[in-house]
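Q: I'd like to go over the charged side chains in this one. Can you put it up?

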Amino acid sequence: MKNTIRIFTALALGLGFATAQAEQPALKVCTAENEMPYANQAGEGFENKLAHYVAEQMGRKLETVTWTDPRYFIRDYLDKGLCDVVMGVDAGDPRLLTTAPYYRSGYVFISREQDALDLQNWGSPALKQAKRIAFAPGTPAETMLRTIGRYNDMFNYQQELAGFKSKRNQYVKYDNDKLVNEVASGKAEIAILWGPAAARYVKAAATPLTMTLIPDNAKRADGEKVGLHYSTAIGVRKGDTALLEQLNKIVREKQDDIEELLEAEGIPLLEEPASALSMN
């Protein structure tokens, strides 16, 4: 009889949870159609996994709305109400409201373990001696390669990585796995990438690779600071403070679970600056 009561109670609780999910609207999350390792349509990215986790914590079903071009998705999707939540935005992005950061990471130098390159900062001799350095244009890596006088040396190689001439105003994508594989295969001695973008592929590489966080003290030739460490948050539409508060509660109370997901990905994590923590 007691077993029957337990089974009935479990069924009742399960039905109650399902009913609660059905009563609430789906959590519409904007994700990339194919921007790995962050997200894709198959739900294989680490931001896909985080979106599922957040929806579960809110007791809501997840509805993904995919975009193809990262330049306009906030304007064309979030602002127009096609989705309500955006994963993986810069904390404090002025285009939307952002939660407390759920992780902080930085740009990294990637090299083969067997090469034992001494890569500590932008003054490292290995950067001056390397014949090929893989990086994505428009990132702090490009800025600093210009600063140390290595950008022009890499121009032809960058055209090879793109694989085609882009049309005007066309979004040109540099695949993170390809850039990491350039080092693993020996085609390039060094890659410089955003750590979270590279971690999955560094971890999976057949050739053992070293990933070194770059110090956040770089400056351009004119003395202007070049940021290399950034905090990442969840974004919502401006004015949607109720949803922001719900998400903030999850970010703060479930930080251990979130970090576990990120560490499983191999993402190098940094402590939040004291100034950022005091604001949250």
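Q: Which residue does Arg200 form a salt bridge with?
A: Arg200 pairs with Glu265, with the closest N and O atoms 2.8 Å apart. The pair links distant parts of the chain, with Arg200 in helix 8 (residues 195-204) and Glu265 in helix 10, 65 residues apart. A salt bridge here is a side-chain nitrogen of Lys or Arg within 4 Å of a carboxyl oxygen of Asp or Glu. Helices are DSSP runs (H or I) of at least four residues, and strands (E) of at least two, numbered from the N terminus.

Q: Is this model predicted or not, and what do the numbers rest on?
A: This is a predicted model: local features need pLDDT of at least 70, side-chain atom pairs count only at pLDDT 80 or more, and totals for chains, interfaces and linings use all residues. Residues are numbered from 1 along each chain as its sequence is written, and side-chain values use heavy atoms, leaving out hydrogens and water.

Q: Is Glu265 buried or exposed?
A: Glu265 is buried, at a relative accessible area of 6%. Buried means under 20%, exposed over 50%, and partly exposed in between (1.4 Å probe, protein chains only).

Q: How many salt bridges are there?
A: The count comes to 13. One of them joins Arg112 and Asp115, with closest N and O atoms 2.7 Å apart. Arg112 is buried at 10%, while Asp115 is partly exposed at 28%.

Q: What about Glu272, which side chain of opposite charge is nearest?
A: That is Arg104, 4.5 Å away, and Glu272 is buried yet has no salt bridge.

Key: Lys, Arg positive; Asp, Glu negative; His and termini not counted.
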